[in-house]
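Welcome, and please load the model in your viewer with a cartoon and a surface representation ready. We will go from the whole chain to single residues, one selection at a time.

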Amino acid sequence: VFSGDEIKKETDLAASKSKYTIASVSGYDIARGDFDMEMNAARKKYRKDYGDDLFTTAKGQALEARLQGQIVARLIEQGTLLQEINRSGYKVDDGALKAELKTYMEKNGKSQQDRQQSVKDAGYNYDYFRKRFEMGVLINRFIDKKVLAGATTPEEKQQAITTWFNNARTQAKVVYYDKDLERAIQNQGASGSCCAVK
């Protein structure tokens, strides 16, 4: 049983934290800046395809609410994976991450300057792109080396990934600081399809 003062204190703390953090997954904070970056990129893509006034219409506003839920679900899923990897102690050194990024750039036939421009055109900044890229490398390498060890067929691999992720999700403690975004994810019934990075 909480007193009125204790409830107010908890509410004020959540409101204060929500300025910079939308949610936490077992202690891994999901930055509002990350959510805003993803939303801005999504809005930019849809405006390009359907017109600048899209989000001023009723349909556009409904779309925006769905996008919010989808993006929060994806960030929560990513946080769940990263916390599970962190708990295992698995790491990828900086040299390997830089090598992966260089290979990616060369494979796409773009200079760093060209890549930075394409990232900007998509609605992101380059630092955030690098952060996302490095997270993806970490998650994919962990899954390949730890989760899929011993799995040979596509069915075995999918089962191993699903089992691992469901176990991680069961153990994860998600706390929302932004109640509007919590409602957005609840309204769309986001289930968090596992491991989109793969």
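Start with the surface of the protein chain: its accessible area is about 12,300 Å², and carbon and sulfur atoms own 49% of that. Accessible areas here come from the Shrake-Rupley method with a 1.4 Å probe, and for residues only the protein chains shown count as cover. This is a predicted model, in which local features need pLDDT of at least 70, side-chain atom pairs count only at pLDDT 80 or more, and totals for chains, interfaces and linings use all residues. Residues are numbered from 1 along each chain as its sequence is written, and side-chain values use heavy atoms, with hydrogens and water left out.

**The whole chain**

Colour by burial next. Of the 198 residues in the protein chain, 38% are buried, where buried means under 20% relative accessible area, exposed over 50%, and partly exposed in between (1.4 Å probe, protein chains only). Now switch to the cartoon, which has eight helices and three strands. Helices (H or I, at least four residues) and strands (E, at least two) are DSSP runs, numbered from the N terminus. Read from the N terminus, the order of elements is α-β-β-α-α-α-α-α-α-β-α. If you draw a contact map, with contact meaning heavy atoms within 4.5 Å, look at the pairs at least 6 apart in sequence: 73% of those contacts join residues at least 24 apart.

**The sheet**

Select the three strands together. They form an open sheet in the order 2-1-3, with antiparallel pairing; two strands pair if DSSP finds at least two bridges between them. Strand 2 and strand 3 are the edges, each pairing on one side only. From one strand to the next, the twist averages 20°.

Which residues of strand 1 (residues 21-25) are buried? Five of the five are, so strand 1 is largely enclosed by the rest of the structure. On one side, strand 1 pairs with strand 2 (residues 28-31) in the antiparallel sense over four bridges. Strand 3 (residues 174-176) also runs antiparallel to strand 1, and three bridges join the two.

Click on Ala23 to see both partnerships: its bridge partner in strand 2 is Ile30, while in strand 3 it stands opposite Tyr176.

Move on to Ser24, which also lies in strand 1. Ser24 is buried, with a relative accessible area of 7%, and its bridge partner in strand 3 is Val175. Leave out neighbours within four places in sequence, and the contacts of Ser24 are Asp29, Lys173, Val174, Val175 and Tyr177. For a distance label, try Ser24 to Ile76: they are 52 residues apart along the chain, and their C-alpha atoms are separated by 8.1 Å.

**The hairpin turn**

Now pick Ser26, in the loop between strand 1 and strand 2. What is the sign of its phi? It is positive, at about 50°, although Ser26 is not a glycine. The hairpin has two residues between its strands. Ser26 is partly exposed, with a relative accessible area of 28%.

**Helix 2 and its partner**

Show helix 2 (residues 32-50) with helix 6 (residues 126-147): they pack at an angle of about 105°, with axes 12 Å apart. Axes are lines fitted to C-alpha atoms, for helices over the stretch in contact, and angles run from 0 to 180 degrees between N-to-C directions. That makes helix 2 roughly perpendicular to helix 6 (under 35 degrees is roughly parallel, over 145 roughly antiparallel, 65 to 115 roughly perpendicular, the rest oblique). Put sticks on Asp34, Met37 and Glu38 of helix 2 and on Tyr128, Lys131 and Arg132 of helix 6, which make the contact. By class, two of these residues are nonpolar, none polar and four charged. Here Ala, Val, Leu, Ile, Met, Phe, Trp, Tyr, Cys and Pro count as nonpolar, Asp, Glu, Lys and Arg as charged, and the others, Gly among them, as polar.

Zoom in on Asp34. It is buried, with a relative accessible area of 12%, and touches Leu75, Tyr128 and Lys131, not counting residues up to four places away in sequence. Helix 2 also lies across strand 1 and strand 2, at about 40° to strand 2.

**Last stop**

Finish with helix 6 and helix 7 (residues 154-171), which pack at about 110° with their axes 11 Å apart. Phe142, Ile143 and Val147 of helix 6 meet Ala160, Ile161 and Trp164 of helix 7. The residues of this contact divide into six nonpolar, no polar and no charged.
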